[in-house]
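Subject: Structure handover

Hi,

Here is the structure I promised to pass on to you. Have a look at it first, and my notes follow underneath.

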Amino acid sequence: MVNKKNLIIILTVVLVLSISGFVWFRYKNNKINNFSSLEQTSQPSAEVMQQERQKLENNLIDLQKVLDEKQKTDADLDGLTDAEEKQLGTNPKNIDTDGDGLTDYDEVKIYHTNPLKADTDGDGYGDGAELRRGYNPLGPGKFKK
Ligand SMILES: [Ca+2]
Ligand SMILES: [Ca+2]
Ligand SMILES: [Ca+2]
Ligand SMILES: [Ca+2]
C-alpha cells in the first residue's frame with residue numbers, strides 16, 4: 001500500500017537513518033583516530049559536516065524529484081496512474097475514492113473490490129471493515145486470498 005502519508009513516513013525514516021548512520025560513522029572514526037593520535041579533536045571538522053549535510057540535502061532533493069516525477073502521472077500517489085483512475089472512474093486526487101478505508105490501488109489490484117462502492121457486496125459492512133475482521137468483502141464468509 002503506497003500512499004502519500006506512507007511515502008512521507010518512508011522519507012523521514014530514510015533521512016533519520018542517514019543522519020544516525022553518519023553520526024555513528026563519525027563516532028567510530030573518531031575513536032580510531034583517537035587511538036592513533038590523542039591530540040586529534042573528537043569533533044568532525046565544520047567542513048566535513050558541511051559536506052555531509054550537503055550530501056544529505058542532495059539525497060533529499062533527489063527523492064523529492066522522484067516523487068514529483070511520479071506525481072506527474074499519479075497525482076494522489078495511490079499507485080494507480082491518473083489515466084488508470086480516469087478509466088476506472090475513481091478520483092485521481094483521492095487515494096480512497098469511496099472512503100471505505102482501502103486505497104483505490106488495493107481495491108483494484110489486490111482485493112478486486114469496487115473502488116467506487118464502500119460496500120461492494122452490499123451486506124451492510126464496508127469493504128475495509130470486512131477485511132479488517134477477516135471477512136470476504138465480495139460475498140458471504142471469511143476472506144480467502
Ligand atoms: Ca492515483
Ligand atoms: Ca485515487
Ligand atoms: Ca470499495
Ligand atoms: Ca460488505
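To start with a question: does D74 count as buried or exposed? D74 counts as buried, because its relative accessibility is 2%, under the 20% cut-off. Please keep in mind that this is a predicted model.

D74 belongs to the site of the calcium ion (ligand 1). That ion is coordinated by D74 (OD), D76 (OD), D78 (OD), L80 (O) and E85 (OE), at 2.2 to 2.4 Å. Along the sequence, these donor residues follow the spacing D-x1-D-x1-D-x1-L-x4-E.

The calcium ion (ligand 2) has its own set of donors: D76 (OD), D78 (OD), E85 (OE), listed twice, N91 (O), N94 (O) and D104 (OD). Their distances run from 2.3 to 2.6 Å, and the donor residues are spaced D-x1-D-x6-E-x5-N-x2-N-x9-D in sequence.

What links the two sites? D76 bridges the calcium ion (ligand 1) and the calcium ion (ligand 2), and the two ions lie 4.2 Å apart. D78 and E85 also appear in both donor lists.

Burial is the other thing you may want to look at. D76 is buried, because its relative accessible area is 6%. E85 is at 0% relative accessibility and so counts as buried. N91, a donor to the calcium ion (ligand 2) through O, counts as partly exposed because its relative accessibility is 32%.

Happy to talk it over whenever suits you.

Best wishes

Conventions:
Residues are numbered from 1 along each chain as its sequence is written. Chains are lettered from A and ligands numbered from 1 in the order in which they are written. This is a predicted model: local features need pLDDT of at least 70, side-chain atom pairs count only at pLDDT 80 or more; totals for chains, interfaces and linings use all residues. Side-chain values use heavy atoms; hydrogens and water are left out. Donors are N, O and S atoms within 2.8 Å of the metal (3.2 Å for Na, K and Ca); water is not among the atoms, so sites may look incomplete. Buried means under 20% relative accessible area, exposed over 50%, partly exposed in between (1.4 Å probe, protein chains only).
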